[in-house]
Amino acid sequence: MALAAILFDLDGTLYPRSAGVQHALDERMNAYVQQVTGCAPDEAPALRHSWFIRYGTTLAGLQREYHVDVEDYLRAIHDIRLDTFLARDRELDALLDRLDLRRAIFTNSPAEHAARVLRALGVAQHFPLIFDIRFFEFQPKPNRIAYTRALDALGVTAGETVLIEDTPQNLPPARELGMRTILIDEQSTHSPDGIADHVVPDIRAALRVVNGDVGRI
C-alpha cells in the first residue's frame with residue numbers, strides 16, 4: 001500500500017539528541033521531580049526512568065503518583081532558550097519540501113514547545129498539524145490511543161502511514177497497527193530486525209528513505 005502520511009516525532013528526531021535540547025529538558029525534569037518528591041538529586045533520574053518504563057513519560061508518573069498540576073509542569077519544563085541549541089536547517093527544509101504526503105508532528109511534548117522548535121529550525125510551514133500531549137488527553141506514546149487518535153485525525157489508515165521516531169519504546173504500537181516505521185538512531189546502537197523497518201542516523205537519512213522509496217518502505 002502506498003504511503004499517504006508521515007507522523008514525525010519531535011525532540012531527538014527533527015534535530016539530533018546531541019544538539020543539547022533534551023539534556024536541558026532532562027535537567028529541568030530532574031529538578032521538578034526533586035521538588036515534588038523530595039528525593040535526592042542523584043535519585044531523580046532513576047525515578048524518572050521507572051516512570052518512563054511504567055507510564056511512558058515523567059509527567060505521567062508525576063500525575064499518577066503525585067497528582068501534579070499538568071500545566072505548571074509543562075510551563076516549568078519547556079521554558080528554555082531554544083536558540084541556544086537550534087538553528088535554521090535549510091537542508092531539512094528542502095527535503096521536507098519534496099514530500100508529497102500529509103505530515104504531522106506526533107509528540108509527547110506540548111504544542112507550544114513543538115511550534116517553537118519548528119520555528120527555530122525554519123520548518124514550521126511544513127507541519128500544519130501538531131498532535132501533542134493535550135491532543136492525546138495526556139495518554140502519551142506508547143499508549144495505543146495516541147496512535148489511533150492521530151490516524152483518525154489525519155483520515156488515513158495505519159498501512160498508509162510511516163512513523164519517524166527516535167525512541168524504540170514508541171515503535172511497537174505503530175507496528176502492531178500496521179504502520180511502517182523508521183527509527184532515528186544517532187549512535188547506531190540498533191539494527192532493524194524486530195525494531196523498525198529502517199534504522200537511520202538522522203532525519204535527513206530518514207527523509208531520503210521516504211523520498212527515494214515511497215511506495216515500498
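**Overall fold and the setting of helix 9**

In the protein chain, 63% of the contacts (heavy atoms within 4.5 Å) with a separation of 6 or more join residues 24 or more positions apart. The model is predicted: local features need pLDDT of at least 70, side-chain atom pairs count only at pLDDT 80 or more, and totals for chains, interfaces and linings use all residues. Residues are numbered from 1 along each chain as its sequence is written, and side-chain values use heavy atoms, with hydrogens and water left out.

The protein chain holds nine helices and six strands (DSSP runs, numbered from the N terminus; helices are H or I, at least four residues, and strands E, at least two). Its radius of gyration, over C-alpha atoms, is 17 Å; the globule rule (2.2 Å times the number of residues to the power 0.38) gives 17 Å for 217 residues, so the chain is as compact as a globular protein of that length. The C-alpha trace spans about 50 × 35 × 30 Å along its principal axes. Of the 217 residues, 49% count as buried (under 20% relative accessible area, 1.4 Å probe, protein chains only).

Helix 9 covers residues 203-212. Seven of its ten residues are buried, so helix 9 is largely enclosed by the rest of the structure. The buried residues are Ile203, Ala205, Ala206, Leu207, Val209, Val210 and Asn211. Their cover includes helix 5 (90-97) and four strands: strand 1 (5-8), strand 4 (161-165), strand 5 (180-184) and strand 6 (198-200). At the start of helix 9, a side-chain oxygen of aspartate 202 comes within 3.2 Å of the backbone nitrogen of arginine 204.

Notes. Buried < 20%, exposed > 50% of the residue type's maximum accessible area, 1.4 Å probe, protein only. Polar contact = N/O pair within 3.5 Å; in protein donor to acceptor, adjacent residues only side chain to side chain.
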